[in-house]
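Please describe the fold below, with attention to how its aromatic rings pair and how its helices pack.

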Amino acid sequence: MSQERVQELLQIAEPLQGDERLVVLTFAAREWGKVGEVGRAHELLDRVAAENPTGIEARARLSLERAWLVLDEDSDTAPDRAADLAREAAGITASHLDTTPLGGLHIEALRLRARAADTADEQIASLRKAIALCQSSKDPEARAWEPRLLIDIARVDYQVQRIALARQRLDEAMESARRTGDEPAAHEAARLQAWIQDQLDELARAHQMDEQETVARLRLPAGERGAPDLNS
């Protein structure tokens with residue numbers, strides 16, 4: 001479906017001019033990225049960059065979409081490069097937190113910076129900052145990021161084996177998602193919550209322990225026992 005969406009977006013962009021056209025091209029680049037067409041996504045962003053966008057949204061989206069693509073690269077330098085691009089996008093939108101859609105772009109840039117952080121504590125600190133900003137923003141697109149940010153914190157807590165905290169954050173994410181009407185986020189939080197419970201139940205049966213003992217003694221790192229990629 002993303003490939004069809006790319007063609008639709010390219011047709012929309014064709015008659016447009018200036019930054020309005022460039023913004024739509026960044027949307028198309030994101031769709032290419034979703035289906036793993038990273039080269040095509042970069043080519044579109046190269047076209048955007050070559051036309052020297054001047055508007056805040058076009059400049060921010062160019063940096064942000066490039067950052068997401070770089071973060072997925074299999075390279076030791078990818079996190080730092082992605083963080084630099086996300087920092088650039090956040091800087092462009094920093095004074096527009098209450099302006100749609102720039103407020104939402106600012107929060108998304110902070111989220112990506114958190115993903116690229118070196119340690120779990122740094123990731124969580126960045127995510128908490130982003131949550132505080134989105135809660136205080138007057139932009140509904142910025143405020144709508146709250147459940148996704150809570151899910152991100154839960155993922156980090158899970159990765160460092162803070163299982164009880166991860167489950168608490170997922171409960172908060174589900175409540176926030178219901179409040180904001182974000183059904184996909186509510187579904188994702190519920191899915192991860194159920195997956196964690198299944199793992200605890202399985203471990204408890206295998207080792208004849210209750211859930212509390214399982215959490216305390218058998219905190220397996222993410223990736224074992226067929227764990228899903230909770231950083232996706």
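In this predicted model, the structure holds 1 aromatic pair. The rings involved belong to Y158 and W195, and because their planes stand at 70 degrees, above the 60 degrees that marks the edge-to-face class, with the centres 5.6 Å apart, the pair is edge-to-face. Y158 lies in helix α9 (residues 146-159) and W195 lies in helix α11 (residues 183-207), so the pair ties together parts of the chain that are 37 residues apart in sequence.

How exposed or buried are the residues discussed here? The table sets out the two ring partners, Y158 and W195, together with R40, a residue of helix α3 that is taken up again below.

| Residue | Relative accessibility | Class |
|---|---|---|
| Y158 | 9% | buried |
| W195 | 15% | buried |
| R40 | 42% | partly exposed |

With a cut-off of under 20% for buried residues, Y158 at 9% counts as buried, and W195 at 15% is buried as well, whereas R40 at 42% counts as partly exposed. Across the chain, buried residues make up 46% of the 232 residues.

The secondary structure of the chain comes to 12 helices and 0 strands, and from the N terminus on, the order of elements is accordingly a run of α elements. Among contacts in the chain with a separation of 6 or more, 59% are accounted for by residues 24 or more positions apart.

A helix pair can be examined in the same report. Two packed helices are described by the angle between their axes and the distance between the axes. For helix α2 (residues 18-34) and helix α3 (residues 38-50), the axes come within 8 Å and cross at roughly 165 degrees; since angles over 145 degrees count as roughly antiparallel, α2 and α3 are therefore roughly antiparallel to each other. The crossing in which α2 passes α3 is left-handed.

Which residues of α2 and α3 meet? On the α2 side they are R21, L22, L25, T26, A28, A29, W32 and G33, and on the α3 side R40, A41, L44, L45, R47 and V48. By residue type, this contact of α2 with α3 divides into 9 nonpolar, 2 polar and 3 charged residues.

R40, found in helix α3, is among the residues in that contact, and at 42% relative accessibility R40 counts as partly exposed. From C-alpha to C-alpha, R40 and A28 are 9.7 Å apart in space, with their positions 12 residues apart in sequence given as their separation.

How values were computed:
Residues numbered from 1 in each chain as written. Predicted model: local features only at pLDDT ≥ 70, side-chain atom pairs only at ≥ 80, totals over all residues. Heavy atoms only, no water. Axes fitted to C-alpha atoms, helices over the stretch in contact; angles between N-to-C directions. Helix = DSSP H or I, 4+ residues; strand = E, 2+ residues; numbered from the N terminus. Parallel < 35°, antiparallel > 145°, perpendicular 65-115°, else oblique. Left-handed = near helix turned anticlockwise from the far one by under 90°. Contact = heavy atoms within 4.5 Å. Nonpolar A, V, L, I, M, F, W, Y, C, P; charged D, E, K, R; others polar. Phe/Tyr/Trp six-rings, centres within 6.5 Å; stacked < 30°, edge-to-face > 60°. Buried < 20%, exposed > 50% of the residue type's maximum accessible area, 1.4 Å probe, protein only.
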